[in-house]
Structures are given as structure tokens and as C-alpha cells.
Amino acid sequence: MGYSAIDSTQEHASLEQPPDSIELIIEGAGCASCVGKIEAALTSVTGVQQAEMNFAARTVTVSGQAESSALIQAIEQAGYNARVVQSNSEAELLDEKEHADLAYYKTLMWKMWIGLALGLPLMIYGLIGGDMTVTTTNERLAWLLVGALTFSVMFFAGKHFFVGAWQSFKNHSANMDTLIALGTGTAWVYSMAVIAVPDLIPDMARHVYFEATAMIIGLINLGLALEVKARGRTSEAIKRLIGLQPKTASVLRDDIELDIPIEQVLLHDIVRVRPGEKIPVDGVIQEGQTAIDESMLTGEPMPVVKNTGDEVTTGTLNKTGSILFKATRVGKDTALAQIIKMVKRAQNSKPPIGRLADVISAYFVPVVMITAVISALAWLNFGPEPALAFAIVSATTVLIIACPCALGLATPMSVMVGVGKAAEAGVLIRNGAALQTASKITAMVLDKTGTITEGAPKVTDIVVANGLTEESILQLAASMESSSEHPLALAIVESAVEKGLSLNRAENFNAIAGHGAEATIQSQRLLLGNEKLMHDRNIDISGYIETAQQLAREAKTPVYFAIDEQLAAVIAVADPIKHDSIDAIKRLQANGIRVVMLTGDNRLTAKAVAEKVGITEFFAEVLPEDKAKKVAELQQQGEIVGMTGDGINDAPALALANVGFAIGTGTDVAIESADITLMRGSLHGLADAVAVSKATLRNIKQNLFGAFIYNVAGVPFAAGVLYPFFGLLLSPVIAGAAMAFSSLTVVMNANRLRLFKAKDH
Amino acid sequence: MLLINISGVLLIALIVWWFWLYKPQEIEVTNNKMVIRIENGVYSPAHIKVKADKAAVLTFIRTDSSPCSATLLIPGLEMSQEIPLNKETVITLPPLAAGEYPFHCSMQMYRGVIKSE
């Protein structure tokens with residue numbers, strides 16, 4: 001099989017033969033002498049005419065008629081690795097799709113004009129009282145000419161309906177083409193029969209319907225053209241994601257900086273990114289410090305500070321410093337490529353709500369055909385004169401008004417926009433089923449550590465007792481604790497580093513197990529620990545015991561800090577609640593969702609956190625394996641449960657919940673692990689996910705309702721059920737217009753979802 | 001009139017038979033490879049047969065501009081694939097358990113079935 005996409009103009013040949021030239025990326029070629037060896041290895045492959053290597057770019061262009069697998073094998077045998085340059089990047093594919101859609105739109109608009117150019121004058125002639133019946137020979141000749149013109153319209157502007165209908169028919173299937181071809185075809189054949197054999201047709205029924213055929217073809221082409229335009233807008237979110245990846249990258253090879261196409265960046269290449277440039281591939285910073293705007297992927301508006309050793313992600317924007325980083329994921333492996341793949345897959349998946357419409361679509365067209373036959377028979381048997389004309393009009397109108405497309409489009413269009421909208425807010429929805437269930441969640445279980453809280457303890461309070469500044473206290477405490485590995489010590493050191501404080505060297509450091517630590521810095525004797533340690537060393541803390549207890553009640557861990565046997569401060573360490581957790585939880589509760597907190601922590605801490613964020617229902621000291629049991633209990637109470645966790649300890653609970661939400665930190669997402677992945681740590685992502693799912697499902701329901709009602713009301717109306725009561729019978733031209741715009745309405749309604757805005761936060 | 005009514009009923013019977021009751025012949029995949037064209041509103045061939053528990057490679061070539069045909073869905077395999085215009089799109093089917101796996105475009109206007117046996 002060939003290894004790249006090939007134009008259809010050479011499709012027969014191309015299926016068997018590879019194209020004339022192919023570009024390969026060579027990995028492991030470190031010296032200029034490799035060039036000769038690689039080129040020789042390639043030219044020895046049968047079918048290769050020439051192989052030319054660009055050593056700087058590590059690419060080789062091979063011309064001839066050889067399979068890519070044979071070329072790669074030859075290079076591997078020569079001791080290197082190679083892969084084919086992906087000629088069709090997402091951006092290129094999107095570009096081609098847009099060009100193809102534009103060309104199709106133009107063709108359809110031309111076809112519309114051809115149809116309307118004949119149909120409109122004929123219709124106006126009929127409307128102003130022109131005679132559309134056939135009685136005299138002259139009239140027969142005139143209408144024969146119009147019939148021939150109508151046939152040209154059918155051929156030039158409607159051929160695709162007839163060919164499609166015929167192909168489907170041969171396959172024992174029927175679709176929209178079948179209905180249009182049958183409807184317009186019936187009107188034309190009947191009109192021609194009126195001209196050709198008027199004697200076989202009753203006087204009153206000698207009416208021609210060429211205007212209907214031409215107008216319907218014109219209008220349906222117009223509807224399709226507008227639909228193509230509207231469809232383009234439904235994929236805006238994916239276009240935006242694809243547009244995030246820059247086209248070139250600055251890569252350092254052999255100390256030379258090269259600007260190369262993104263497809264040619266190799267794993268472990270050193271890439272330079274300057275301020276204002278986008279990150280071209282995923283990697284780890286080797287040199288430099290900067291702030292990176294990740295909002296386009298995570299929805300997090302604040303830029304993230306990155307230092308040596310931190311990861312950078314494709315598509316994010318380097319704001320302040322120049323950095324050098326090592327490429328760790330390139331091409332289709334980058335987080336952005338994975339996100340695009342996931343969003344595309346989810347956009348094409350269908351929620352269960354669409355299944356009924358699918359079942360109906362499968363039987364729809366033949367049912368409409370049968371309805372048309374029954375309608376014609378009813379008119380012929382029971383209708384007034386001219387019964388034959390009424391029968392033909394009603395059958396044609398039934399065929400034309402029925403719109404299987406509106407039904408077929410109702411769900412996929414909304415899912416396409418909804419999933420894309422969610423991705424814009426940093427919410428990755430795995431599939432349509434997750435989207436639907438998320439809209440029905442009645443209880444949300446939140447893990448405390450890392451979900452409601454930051455997951456990283458920090459110094460929250462310093463209550464100074466001896467007149468020093470908070471900064472001096474923190475600097476001294478952090479300096480002495482820099483030798484310790486206790487979690488409290490780590491929190492103190494990290495807080496000092498974050499504040500940019502420089503640490504001094506501690507001497508005589510001594511960890512007092514279970515109590516604290518002591519050390520000397522610049523002749524000052526420092527002691528840090530709990531109440532018991534202070535009592536043991538006879539340090540007076542009596543004025544600060546109440547302060548410490550108050551801090552404990554606020555879910556913080558207080559420690560005393562003494563300098564030269566005098567209490568200097570009470571330092572409190574806690575896992576702080578994320579700044580927006582309270583608001584996000586309020587949003588969920590405002591949506592009628594019962595919010596439940598689970599934690600492995602003690603009851604006092606759990607109670608304090610729960611109270612602070614406004615959660616009344618919480619379970620403390622829950623072991624990781626018991627989290628799933630709590631989810632099951634809620635489900636037994638009839639709740640539809642969403643579970644939110646970090647995806648590691650909570651895996652069983654995430655799997656058991658009706659919808660599992662994995663909270664990503666930054667862009668490090670466990671894409672496959674949950675039903676919905678939140679790209680940023682904020683719980684607002686949860687509220688956004690629920691809001692966008694509800695909006696999408698509401699949109700789908702509107703679409704399905706509209707499509708059902710349109711067909712259920714339209715088809716009987718077209719058949720003439722209102723005629724006996726009100727004398728109303730629908731014109732086939734109006735039916736054609738209604739049908740053309742019914743599917744457009746569905747697409748436009750789905751497009752309304754683009755205006756959906758997650759609450760500002 | 002009787003003749004017309006009988007013709008109408010026969011026509012309805014014909015529609016039911018042709019579209020619902022008739023079982024079209026499947027085209028068997030040879031050497032585990034097959035090219036399926038998407039043109040003029042249909043998959044060609046639309047009814048294909050693969051050997052159960054054997055992987056197969058299907059190459060789709062779309063020359064039909066209709067936007068519906070741009071996406072191929074195989075719900076039974078949770079597969080969805082974009083099919084660019086005038087390009088080969090290769091889809092590797094995993095070894096399938098015996099059964100029928102319908103495939104269709106996004107609006108189900110184009111339909112086909114993979115039969116595994």
C-alpha cells in the first residue's frame with residue numbers, strides 16, 4: 001500500500017504504485033560522513049532513482065518507485081532510524097477540507113441559480129394567472145420546449161440527486177437523494193405525459209408541474225449550500241486547536257540554529273523559543289526561565305512560571321523569557337495532537353439520546369415512499385376531480401417535504417459544537433455518552449486533597465511573638481529546616497523559596513523524632529516543634545496556646561518557633577483551599593447538585609475544610625479503596641454520581657461513578673483515564689462541564705423535537721389531510737423550500753451553542 | 001380503479017421487499033484488504049464480508065463532495081474517522097468477533113455493513 005495520500009486523478013495507478021518522491025526523517029545520523037552511507041543504502045533499494053540527503057535538516061528525499069517500508073528497512077540496516085515525513089498535518093488536512101467545502105459551496109450555488117433561473121419565471125407566470133394546462137397543439141409544443149429546458153435543469157443542476165438515488169437503489173438503500181429524485185422526477189414525468197398523451201389524462205388534470213421540478217432542485221441546492229457554510233462554523237473549536245501549533249521551530253543542531261518545518265523536529269532536539277513565540281513541540285526546559293500562557297489549552301487565565309526542568313506544552317505561548325528545551329514528544333505524540341484527536345473522536349461520537357433518531361432514519365425514506373403511494377391512492381379513490389392531478393401533487397409533495405437530514409443532523413451537529421465548546425473551556429469530554437450523563441448529574445463527589453485544596457501544604461500564617469518581621473521568621477525557620485525531609489519542613493522551605501528569600505546554612509541540625517527539630521544559625525539557637533517540645537525545653541508559650549488551638553480548628557497544623565529559648569512565632573502549615581473552590585462549589589450547588597466531600601484526613605481537618613467551602617456532607621478518614629463504596633452508596637440512593645479525583649488513587653471510584661472527572665494539573669492530562677478530563681486544577685471546570693453538557697443536551701432536544709415535529713406534521717399536511725376540512729393542499733415548491741431550510745435550521749440552532757459562555761470566573 | 005389500487009399495493013410490497021427484506025450479496029475481502037469508494041451517495045461496495053478473528057485493512061477513497069460523507073462511523077467498534085476528499089484513508093479493522101458491524105456517514109445517509117464470519 002502506498003504511504004501517502006494520493007490525488008484521485010491518479011487513483012487507479014496510485015493504489016498500486018507509490019508516488020515519485022518521498023521525504024524521510026533520519027534519526028541517529030551524527031556525522032557528515034553518514035550522508036554517503038545513507039544515500040548509498042537508499043540507492044541500493046530496487047526502484048530508487050536518486051537519494052539526496054540534507055544533513056543539516058536530517059532529511060532525505062528519495063525519488064523513484066520504491067515502498068517506504070523498503071526504504072526505512074535499508075536505512076535501519078545501515079544503522080540509523082527513519083520515518084516518513086507526515087505530509088498531511090492536521091493543519092494541511094483542514095486547509096484542504098476548507099478548500100473542498102468552498103468549491104462544493106460554489107458548485108451548489110451555481111446549481112441553485114440554474115434551477116431558479118427557469119423555476120422562478122415559470123412560478124411567477126403561474127401565480128399571475130398564466131395558463132399551465134395543455135389543450136391546444138401550440139400549447140403542447142410550447143410546453144414541450146419548457147419540458148426540455150426543465151430536463152436540462154435536472155441534468156445540470158440535479159444530476160447528483162438522480163445518480164445518488166440510482167446508486168442507493170441498486171444497493172437496496174434509500175436516502176435524501178431518493179426522495180428528491182422521485183419527487184422531482186414524478187412531477188416531470190407526469191407533466192411530459194400530459195404533453196405526450198393528453199388523451200389518456202382527464203381534461204381537468206392536464207396540468208404541467210415543470211416549475212415545481214426546477215424550483216425544488218434550485219431550492220434544495222441552496223439549502224445544501226447554506227448548510228455547507230453553516231457546518232464549517234460548527235468545527236471552529238477544532239480549527240482553533242489545530243491553529244495553535246506553529247508551522248516551524250528553531251532547532252539547535254551542531255550548534256547551528258535552524259528554522260525547520262515542525263514535522264522535521266526530532267525527539268531530543270534542542271529547541272529555542274523566544275518571548276512572544278509559541279511552543280512548537282512538547283519538551284522539558286534545559287535553560288532559561290519564563291512565564292507561559294497556557295490559557296488556550298487549560299482555560300487558566302494566569303501565565304504559569306516555568307524554570308529549568310519544567311515541562312512545556314505545544315501550542316502554549318511563551319510570554320517573557322527566552323528558553324531552550326529538549327523535545328520529549330513530537331508529531332502525533334504531543335499533548336496538543338492527543339487533545340485534537342480526542343476532541344475530534346468525541347465530536348463524532350453519538351450520545352444515547354440520538355439512538356432513537358438513528359433507528360427512525362434507518363426506516364424513514366421507505367416509509368415516506370409508502371406514505372406517498374398511500375396518499376396518491378387515497379386521492380385517486382376518494383379525492384375530488386381532477387383526482388389524478390391531486391394524487392400526483394400530493395405524492396410529489398410528500399416525497400419532497402420529508403427531511404431525513406434534519407433528523408440525522410440533530411444530534412451530531414450539537415455534539416460537534418458542544419464538545420468543541422467544552423474543549424475551549426479546558427474540559428475534554430471523552431464521548432457523547434459522557435456528555436449526556438454529565439448533563440444529568442445529581443450528586444458530585446469531590447476528593448479533598450488536590451481537588452478542593454492545592455494538594456501541596458504551605459505556610460498559611462505566621463503569628464510573630466518577639467517583634468521580628470514575618471519574613472525574618474520564615475527565613476530563619478526555612479534555613480534550619482532545609483536539612484529536613486519532614487512534610488512540614490518542606491512546606492516551610494517551599495514558602496520561603498516562593499517568596500524569594502535566601503536561606504542560610506544551619507549548623508548542628510538535630511531532628512527530634514515526633515516533636516520537631518533544632519539547629520544553630522549565626523550563633524542563634526533555633527527550636528521548631530510542637531507544644532510538648534516547648535514544654536520539655538521550658539519555653540513559655542502560655543500566651544499563644546489559644547492562638548495555636550484556633551489555627552488547628554481552621555484545619556491548619558501549628559508549630560512553635562523559638563529563638564534562644566524565647567518564643568518567636570507560631571507558624572501554621574496547611575494545604576490551602578484553591579482560591580476558586582468556594583465559588584465553583586456554589587455554582588454546582590446552584591445547579592441543584594448535591595456536593596459530597598471525601599477525604600482520608602482526620603475529621604477535624606475535613607470538617608474545617610468542608611465548612612469553609614460550604615459543603616455540609618462529608619466523609620473523613622475514608623481509605624482510597626472505600627471511596628468506590630461511597631460512590632455506590634450514593635448510586636443506591638438513586639443519585640447520578642459524578643466523581644472527581646486525581647485519577648491515581650481514585651481510579652476505582654472514578655470508574656464506578658456515572659461520570660468520572662479527572663483533574664489535570666496544567667496540561668499533564670490523563671486523557672484516557674476518565675470520562676471527562678479537566679485540563680486545569682480549578683473546580684470551575686466541573687461546573688463548566690456540567691453547564692456545557694446541559695446546554696448541549698437542551699440543544700439536541702430542541703433539534704430532535706423540531707425535526708420530529710417537522711416531519712410528523714409536514715408529511716400528513718403534504719398528503720392533504722387538511723384538504724377535506726379546510727381545502728388546504730401544500731404546493732410542492734413550498735415543500736421544497738421547507739425541506740431545504742429544515743436541515744439548515746438544525747445546523748443553525750446547533751451553531752447557537754457557539755455563543756454559550758461558561759460563567760466568568 | 002381496481003387495477004390502480006392493486007398496482008399501488010404491489011408497489012408498497014415492492015418497496016418493503018427491496019429496501020427491508022432483500023438481503024444483498026456481500027463482497028468478500030480478499031487478502032484482508034479492500035478498497036471502498038465513496039461516490040454518488042453510496043459506499044461501493046456497501047456490504048462486505050471479512051473473516052472472523054482476522055484483522056483487515058479497508059482503504060476508503062472519497063470522491064463525493066457531500067459533507068455527510070466526510071465522516072465515517074463504525075459504532076460497533078467505537079470508530080470514527082474523517083475521510084478527506086480525493087485521498088486514500090486506510091482503516092485497520094481489528095480481528096472481529098462474528099457478527100454484523102454497520103458503518104455509516106454522520107447523518108446515516110450513506111450506509112454499509114461489515115459482516116464478520
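How much of the chain is helix over residues 108-128 of chain A, and how far apart are the end C-alpha atoms? Hi everyone, let's start there. That span is 95% helix and 0% strand, with its end C-alpha atoms 29 Å apart. Please keep in mind that what we have on screen is a predicted model.

Where do those residue numbers come from? The UniProt record, an unreviewed entry, carries the annotation "transmembrane region" for several stretches of chain A, including 108-128, 360-382, 388-411 and 729-750. Let's look at one more of these, residues 729-750 of chain A. Here the chain is 86% helix and 0% strand, and the end C-alpha atoms lie 32 Å apart.

Now the confidence. For the complex, the predictor gives an ipTM of 0.86 and a pTM of 0.78. Chain B has an average pLDDT of 87, and 100% of its residues score at least 70. Among the elements of chain B, helix α1, residues 2-21, has the highest mean pLDDT, 92. The lowest, 82, belongs to strand β7 of chain B, residues 79-82.

Next, chain A and its domains. Chain A is divided into domain 1 (21-86), domain 2 (266-329), domain 3 (430-453 + 577-690) and domain 4 (458-574). Between the centres of domain 1 and domain 3 of chain A, taken over C-alpha atoms, there are 52 Å.

Let me zoom in on a hairpin in chain A. Strand β17, residues 507-512, runs antiparallel to strand β18, residues 516-521, and four bridges join them. One pairing you can find on screen is Ala511(A) with its bridge partner in β18(A), Ala517(A). Three residues sit between the two strands, and Gly514(A) in the turn has a positive phi of about 80°.

And now one for the cysteine fans: which residues does the disulfide in chain B join? Cys68(B) is linked to Cys105(B), with 2.4 Å from S to S. The pair connects distant parts of the chain, 37 residues apart: Cys68(B) is in the loop between β5 (56-62) and β6 (71-74) of chain B, and Cys105(B) is in the loop between β9 (99-104) and β10 (111-116). The link is right-handed, with 60° about the S-S bond. Over all chains, the count comes to one disulfide.

Are these two cysteines buried or exposed? Cys68(B) is buried, because its relative accessible area is 3%, and Cys105(B) is buried at 0%. Over in chain A, Cys403(A) is also buried, with a relative accessible area of 0%.

Thanks for listening!

Key: Residues numbered from 1 in each chain as written. Chains lettered and ligands numbered in written order. Predicted model: local features only at pLDDT ≥ 70, side-chain atom pairs only at ≥ 80, totals over all residues. Heavy atoms only, no water. Disulfide = S-S within 2.5 Å. Buried < 20%, exposed > 50% of the residue type's maximum accessible area, 1.4 Å probe, protein only. UniProt positions renumbered as here; feature names shortened; annotations may be inferred. pLDDT = per-residue confidence, 0-100. Domains from an automatic or database assignment. Pairing = 2+ DSSP bridges.
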